[in-house]
Amino acid sequence: MSKSFIRHAQPGFRWEDVELLAYKAAGEAPFREVTRQLLFRADALGCELRYFEIAAKGHSTLERHQHAHAVMILRGRGACLVGGEVRAVGPHDLVSIEAWSWHQFRANAAEPLGFLCMVNAERDRPQLPTADDLAQLRQSREVAAFIRP
Ligand code: MN
């Protein structure tokens, strides 16, 4: 049985005893200027809660997978591709990313975009778009202008 605990917040969207990690291994997938913190791995819930921060002008990987994400923006403004649309997001907005939905987050030019992301502890590996997938995504002019494969 795991212990209950409190990890106090620290300045700069950091938490006690939580390591600042690379978003992904270098070369694993395309992205720009993203960090990751694993806040909880809650075995009783079967989930993890992570905090991602994308630096100004940065972006997460354009990907899809079987597992879902539940996201809450904590800081900054940006935009995301979700459900085939590009939507602006800001503090406390909620984003639900369902199975196999292409998704990507971008911070705006002026400030980092930080968000909580809840995910299954056991999950499949993300897929990157093939040339055919990209051609399909780019059928929407809005999506074509947004994505950074
Ligand atoms: Mn994902």
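## Overall architecture

Read from the N terminus onward, the chain follows the pattern β-β-β-β-β-β-β-β-β-β-β-α-α. The secondary structure thus comprises 11 strands and two helices. The model described here is predicted.

With a radius of gyration of 15 Å, close to the 15 Å that the globule rule gives for 149 residues, the chain is as compact as a globular protein of that length. Along the principal axes, the C-alpha atoms fill a box of roughly 50 × 35 × 30 Å. Of the contacts between residues at least 6 apart in sequence, 64% join residues at least 24 apart.

## Burial and surface

Buried residues make up 39% of the 149 in the chain. The accessible surface amounts to about 8,800 Å², and carbon and sulfur atoms account for 52% of that area.

## The manganese site

Four residues provide the protein donors of the manganese ion: Glu 63 through OE, and His 65, His 69 and His 103, each through NE2. These donors lie 1.9 to 2.3 Å from the ion. Along the chain, their spacing is E-x1-H-x3-H-x33-H.

Burial values are available for three of these residues, for which the cut-off is a relative accessible area under 20%. Glu 63 has a relative accessible area of 6% and is therefore buried. His 69, at 8%, is likewise buried, and His 65 counts as buried at 1% relative accessibility.

## Surroundings of His 65

His 65 is located in the loop between strand E5 (47-59) and strand E6 (69-75). Its side chain forms a polar contact of 3.2 Å with the side chain of Glu 63, and both residues are donors of the manganese ion.

Leaving aside residues up to four places away in sequence, His 65 touches Ala 99, Trp 100, His 103, Asp 124, Arg 125 and Pro 126. One of these contacts, His 103, is also a donor of the ion.

## Strands E6 and E9

Strand E6 spans residues 69-75. E6 and E9 run antiparallel and are joined by four bridges. In this pairing, the metal donor His 69 stands opposite Ile 97 in E9.

Strand E9 covers residues 94-97, and its side chains alternate between two faces. Val 95 and Ile 97 point to one face and are buried, whereas Leu 94 and Ser 96 point to the other and are not buried. Ile 97 thus belongs to the buried face of E9, and its opposite residue, His 69, is buried as well.

Key. Residues are numbered from 1 along each chain as its sequence is written. This is a predicted model: local features need pLDDT of at least 70, side-chain atom pairs count only at pLDDT 80 or more; totals for chains, interfaces and linings use all residues. Side-chain values use heavy atoms; hydrogens and water are left out. Donors are N, O and S atoms within 2.8 Å of the metal (3.2 Å for Na, K and Ca); water is not among the atoms, so sites may look incomplete. Buried means under 20% relative accessible area, exposed over 50%, partly exposed in between (1.4 Å probe, protein chains only). A polar contact is a pair of N or O atoms within 3.5 Å; within protein, one must be able to donate a hydrogen and the other to accept it, and residues adjacent in sequence count only if both atoms are side-chain atoms. Contact means heavy atoms within 4.5 Å. Two strands pair if DSSP finds at least two bridges between them. The radius of gyration is taken over C-alpha atoms; the globule rule is 2.2 Å times the number of residues to the power 0.38. Accessible areas come from the Shrake-Rupley method with a 1.4 Å probe; for residues, only the protein chains shown count as cover.
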